[in-house]
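Subject: A structure for you to explore

Hi there,

Here is the structure I promised to send over. Have it open while you read, and I will walk you through what turned up.

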Amino acid sequence: MNEVVLMGDKYVPSSEATIGVRTMGFNSGWSVFEGIRAYWNDAEEQLFVFRLPEHLERLRNSAAILHMELPGTTMDLVERCRGLLERNGLREDSYLRPIAYKGLPIKLGVNLLDATDEFLAYCFPQGRYLPTERTLHVGVSSWVRIQDNAAPARAKIGGTYVNPALAKTDGLLQGFDDSLMLTSEGTVAEGTTSNLFVVVGGELVTPPSTEDILVGITRGTIMEIAREELGLTVRERVIDRSELYSVQEAFLCGTGAEIASIGRIDGRQIADGTIGTITRRLQELYAGIVHGKNPKYRHWCTPVHQNAYPTPELELSDTVVK
Ligand code: PMP
């Protein structure tokens with residue numbers, strides 16, 4: 001089946017999904033986006049989108065920072081995204097990318113209000129982003145995380161992804177699987193497209209939202225299930241760089257990364273270098289939850305192949321499938 005893309009409120013073949021060369025989202029990085037995963041459940045023959053409304057709410061918050069409005073309520077957008085996945089007929093783990101962006105400029109300059117607000121989304125099959133069956137070797141990057149009052153890390157702004165891209169690329173060129181980024185104060189912020197958790201004294205520790213992190217939806221999920229299902233104490237507190245080298249366990253987490261165990265940091269082995277007990281239990285729990293197999297957390301999974309969220313007021317054009 002040919003790929004279908006959502007452009008505003010229309011589903012179009014990908015060959016027709018084009019943007020103009022003057023689009024500000026492209027020229028100056030004035031865009032906000034989300035990375036969302038959908039998981040295929042074989043037994044139910046169903047594709048479940050993980051925490052879709054939460055992602056779209058974060059998109060709305062990111063958009064507000066750039067003086068941008070989304071075209072509809074969160075539930076309208078849930079339905080548009082669900083429809084997109086359905087029309088693409090995906091029957092495997094997949095990735096969904098909605099983008100709200102500034103379109104053609106009314107005047108040249110850097111006034112965010114001088115351009116139109118646009119919206120699009122596309123999706124594609126996606127397996128692992130980072131290996132989860134082995135541990136990673138990560139390095140602390142010399143590129144520091146952008147500061148909140150320079151360009152907010154809490155928003156997924158297209159242009160600001162130059163920052164983790166530099167850290168990731170240079171880390172890979174140095175032979176690491178991924179990079180950890182410090183704040184401009186020198187404390188630990190996060191991975192390049194993931195949040196960091198460490199285990200210290202049997203407790204789960206992660207940097208707070210004031211440490212120039214993207215407040216990850218996976219991070220929130222892990223904090224909740226670690227407390228609820230594993231009875232762990234979870235602390236949000238500042239982590240020094242040197243503390244990283246003596247933790248009991250460490251892992252990265254994110255929509256793409258899922259839960260990826262860290263076995264070495266800057267060449268120093270973490271515990272015995274294998275996937276830690278708490279990390280492994282969280283990986284197992286998480287895999288069940290995202291595939292819609294855990295009834296307690298089923299409300300986090302939006303089924304694609306049924307009309308779970310009717311939005312009669314929205315005029316959706318028919319899919320054009322060639
Ligand atoms: N930090 C950054 C910089 C990211 O890009 C991501 C991926 N969205 C994350 C953390 C993890 O966030 P989430 O769990 O919401 O995917």
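The lining of the largest pocket takes at least two residues from each of β6 (94-105), β10 (188-191), α5 (217-230) and β14. Please keep in mind that this is a predicted model. The volume of this largest pocket is about 410 Å³. Its lining has 27 residues, and those closest to the centre are Y95, K156, T193, T255 and G256, so try picking out these five on your screen. Sorted by class, the lining of the largest pocket comes to 12 polar, nine nonpolar and six charged residues. Both domain 1 (4-127) and domain 2 (136-295) contribute to the lining of the largest pocket, with at least three residues each.

Now for strand β14 itself, one of the elements just mentioned in the lining. Is β14 enclosed by the rest of the structure or open? The strand covers residues 249-254, and because six of its six residues are buried, β14 is largely enclosed. Buried here means under 20% relative accessible area. If you look along the strand, E249, F251 and C253 point one way, while A250, L252 and G254 point the other way. The residues on both sides are buried.

Which strands pair with β14? One is β11 (residues 195-200), which is antiparallel to β14 and joined to it over five bridges. To find this pairing, look for V199, which stands opposite E249 of β14. Another is β15 (residues 258-265), which also runs antiparallel to β14, with four bridges between them. Here G254 has E258 of β15 as its bridge partner. Three residues lie between β14 and β15, and the two strands form a hairpin.

Following β15 brings us to another pocket. The second largest pocket holds about 200 Å³ of space. Among the 13 residues that line it, R128, T132, E258, Q283 and A287 are the closest to its centre. You have already met E258, as the bridge partner of G254. Two elements, β15 and α6 (277-290), give two or more residues to the lining of the second largest pocket. Which element gives the largest share of that lining? The answer is α6, with five residues. By class, the lining of the second largest pocket has six nonpolar, four charged and three polar residues.

Enjoy looking around, and write back with any questions.

Best wishes

Technical notes
Residues numbered from 1 in each chain as written. Predicted model: local features only at pLDDT ≥ 70, side-chain atom pairs only at ≥ 80, totals over all residues. Heavy atoms only, no water. Buried < 20%, exposed > 50% of the residue type's maximum accessible area, 1.4 Å probe, protein only. Pairing = 2+ DSSP bridges. 1 Å grid on protein atoms, 1.4 Å probe; cavity = no way out; pocket = protein on both sides within 12 Å on 5 of 7 lines; lining within 4 Å. Points joined across faces, edges and corners; volume = space filled by probe spheres on them. Nonpolar A, V, L, I, M, F, W, Y, C, P; charged D, E, K, R; others polar. Domains from an automatic or database assignment.
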